[in-house]
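Hi everyone, thanks for making time for this. I'd like to walk you through one structure this morning, so have a look at the screen and we'll go through it together.

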Amino acid sequence: MSLEELEFENFGELKRHYKKNLPSKIENIFNKVLIVSALREVGAEDISGIRNDIHKLAGSAGSFGFSHVSKTLRNLDEYLAKFTSEDKDSTKEEELLDFDYVKNVIIEIKRTISTSRSVKKRKSSDASEVILSSMWVLKKIPEDWNRKIVVCDSCNKKYISGFKEGLAYFGYEIDFFEDIEAAKEKIIEDIHLVILDADLAMKNDDIVPWLKKIKEKRGSFKIFFVSENISFKTRLFAIKSGGDAFFENSTDIGKVINKIEYFTESYKKKPDHILIVDDDIDTLSYYAQLFQQRGMVTSVTTDPSSVFNIITESMPDLILIDILMPSCNGIELTAMIRQHDDFTSIPIIIYSGFDRSILTNFEISFSGYEFISKSTDDETFVSIARNRIERSRNLRYYMEVDSLTGILNHSNINTSFKREFLRTQRSNLPLSYAMIDIDNFKSVNDTYGHFVGDTVLKSLSYMLMERLRSTDIVGRYGGEEFVIIMGNTSVQNAKKVIDVVRENFSKLVHNAFGQEFTVTFSCGIAGYPEISDAKTITNGADKALYMAKRDGKNKVIIYEEE
Ligand code: GH3
Ligand code: MG
C-alpha cells in the first residue's frame, strides 16, 4: 500500500466516523434548543451556548463535505447572533427570538442528513480533505528501509562472521555470496544495500554497470565497497563505480552502522508539518489542501487559544497565522508563541489578504515572523514555506540532537516527555519512562581511553534506535545515561523490550586495539498509570535504576512506590 493510500484510508475512516456521529450532534443541539425554549427567562449566555455548538458544527460539517448542513447552520448562527449581541440599540423595538423557527431549521437539517445516502464529494480529491479538529494530526508513516544486506566477497574471510553477527545485533540481515551471479539474483529482490569486495568487482567487468542501473531504478540503493587493498587505484575504482562508502576488510561494525544510519536518515524523515490558524474556515481548508497536495501534513484550528496545546503535542515545523482574527490578532498570537522558550525555533508566517502596510495598524510591533500576502501565487507560497522549514530543521537538528550519538539531548528529551505525558493523560493509555546507565563505564574509559568509551556510547545509542519502535523516543540524558519514552506501553512490556536490548548489548563484542571486551547496562522503569504525575515518574525511574545498580547491575527493574 502506498503512503497516499494509507493517508486516504485515514481520511475515509475519519469521514465515516464523522458521518456516523453527525445525527447525534444535531440531536444534542436540538435538545438544547428545547430546554432553553422552555425556560421562563432566556439569557444571552443560554443562546451563546447553543451558538457555540452550532458554530463548531457548521465548520466541521463544511470540511467533511456536508456543505448544505454547514450553510444552514451558519445562517442559524447569524440569526441567533442578534440575540446575544451586547450593543443592542435600545431605541429600536426588540425582536423576539422565534424558537419555533430555530426548531424547524434543525428539524429540516435532521431530515436532510437522514435522506442523504453518502457524503457529497468535494471539488478537490478526498486525499486533500481537511480535518477541523484542532487535536487531530495525521502523520504519514515513513517508508521503512529494508534491513536486508547482500555481502559479496571472493572468499569467506574472517571479517564476515563478525560482520554478520554485529549487523544482526542491530536488526540487519545478511546474505553472503562468493559468486557475483548468485548475488545479483538476490539484489534484484528488494535489497537496499550491497557490500561488495572491490577487488572482486574490479575483476568482473559487468557488475559495476549492472549495479549502476539498479541505482538508477531504486533511488535508495547503496553500494559499499570493502577491500584489503586500500590503494589509490581501488579507492578511485570505488568512487567511479558509484560507491557510497569504502571500508577496509577489518572494518568495525560501528563505522558500517554509522554509514547506514547516515543514508537511512533521509528515509526516516518525517513529512513537513504545518499548523494553520485562521478564523475563516474556507481559507483554512484552502491552505490545508494546498499543502496536503504537496505531501505535507497539516493541523488546522480556528481557535487561537487551542494553539499552545497543538504545538506542545505535535511540534509543527511551521505555523501559518492569519492576521485578522476576532479574539486575538496574528501579531499578538505570534508574540505569545515567541514568549514560550520551547517554541522559539518554530518559524512563523503571518498572512493576510491585505499587503504589508496592514502591519502598521497594529498596536504592538513584533519581528519574530515573516509576512506573506494571500495574493502570493500558490507555488511561491509553498516554496517560501518549504524553505523556512528546511532552514529551521537544520538549525533545530543541531540544537536538539546530541552531537556524539545523534539522538535527542537532555533538554529535548524533557520537552518530549512533557508532550507525551500530556497525550497519555488525555488518552489514558499507558506510558513508560526508562532510564538506562552503562555499567562500570568509568573503567572502559580508564582502560581503553575516552575515544573507545565514545564508540561504546554510540553503539548503545544505535542499538536503542534500531531496536525500538520508531514511535519510541530515545535521548541521551547525561554522559552515559539514556532515556527512552515509550507511548502506549505498560511498564511490564517496556521491561520485556529493554531486557532484549540489554541481552543483545551485553553480547556485543567491542574491539579496542585488538582487545575484545563487552559492556552491560542497567535500567530503571516507571510509568503511567501506576504513577500519575510526571515528576514522580522520572524520579521513580531514577530510583529503580539505582536499585538495579545496587542489585548487581546488568538488569532492568520496575519502580514500585513504597
Ligand atoms: P556504574 O556502573 O555505577 O554506573 O559506574 P560507572 O563507572 O558507569 O559510573 P560513574 O558515574 O562512576 O562514571 C561514569 C563515567 O562516564 C565518568 C565519565 O567520565 C564517563 N563519561 C561521561 N560522559 C562521557 C562521554 O561523553 N564519553 C566518554 N567516553 N565517557 C563519558
Ligand atoms: Mg554508569
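Let me start with a question: does R51 count as buried, partly exposed or exposed? R51 counts as partly exposed, at 23% relative accessibility. On that scale, buried means under 20% relative accessible area, exposed means over 50%, and partly exposed is in between, with a 1.4 Å probe and protein chains only.

Before going on, some ground rules. This is a predicted model, where local features need pLDDT of at least 70 and side-chain atom pairs count only at pLDDT 80 or more, while totals for chains, interfaces and linings use all residues. Residues are numbered from 1 along each chain as its sequence is written, chains are lettered from A and ligands numbered from 1 in the order in which they are written, and side-chain values use heavy atoms, with hydrogens and water left out.

Back to R51, then. R51 forms a salt bridge with D77, and the closest N and O atoms are 2.7 Å apart. By salt bridge I mean a side-chain nitrogen of Lys or Arg within 4 Å of a carboxyl oxygen of Asp or Glu. This pair links distant parts of the chain: R51 sits in helix α2 (residues 44-63) and D77 in helix α3 (residues 67-81), 26 residues apart. Helices here are DSSP runs of H or I with at least four residues, strands are runs of E with at least two, and both are numbered from the N terminus. Unlike R51, which is partly exposed, D77 is buried, with a relative accessible area of 11%.

How many salt bridges does the structure hold? It holds 19. Let me show you a couple that sit within a helix. K103 and D100 meet through their side chains at 3.9 Å, N to O. Because they are three residues apart in helix α4 (residues 99-115), about one helical turn separates them. D100 counts as partly exposed, at 49% relative accessibility.

Helix α6 (residues 180-188) has E181 and K184, again three residues apart, about one turn of the helix. Their side chains form a salt bridge at 3.5 Å, N to O. E181 counts as partly exposed at 43% relative accessibility, whereas K184, at 10%, counts as buried. There's also a network, where salt bridges that share partners join D175, K186 and E189.

Okay, on to the metal. Which residues supply the protein donors of the magnesium ion, ligand 2? They are D437 (OD), I438 (O) and E480 (OE), lying 2.0 to 2.2 Å from the ion. Donors are N, O and S atoms within 2.8 Å of the metal (3.2 Å for Na, K and Ca), and water is not among the atoms, so sites may look incomplete. Along the sequence, the spacing of the donor residues is D-I-x41-E. D437 is in strand β11 and E480 is in the loop between β12 (473-476) and β13 (481-487), so this pair links distant parts of the chain, 43 residues apart. D437 counts as buried, at 9% relative accessibility, while E480 is partly exposed, at 23%.

I438 also takes us to ligand 1. An oxygen atom of ligand 1 is 3.0 Å from a polar backbone atom of I438, and an oxygen atom of the ligand is 2.7 Å from a polar backbone atom of N440. On the side-chain end, a nitrogen atom of ligand 1 is 2.7 Å from an N or O atom of D454. Taken alone, ligand 1 exposes 650 Å², and the protein buries 66% of that; those areas come from the Shrake-Rupley method with a 1.4 Å probe.

What about the shell around ligand 1? It has 16 residues, the closest being N440, F441, N445, D454 and R476, where a residue counts if one of its heavy atoms lies within 4 Å. They divide into three nonpolar, five polar and eight charged. Helix α17 (450-467) is one of the elements that supply at least two of them, and α17 gives the most, with four residues.

Last stop, the backbone. The peptide bond from Y528 to P529 is cis, with omega near 10 degrees, and P529 lies in the loop between β16 (521-528) and α19 (534-550). K553, not a glycine, has a positive phi of about 65 degrees. N554 also has a positive phi, near 50 degrees, and lies in the loop between α19 and β17. That's my tour, thanks.

Technical notes
Polar contact = N/O pair within 3.5 Å; in protein donor to acceptor, adjacent residues only side chain to side chain. Nonpolar A, V, L, I, M, F, W, Y, C, P; charged D, E, K, R; others polar.
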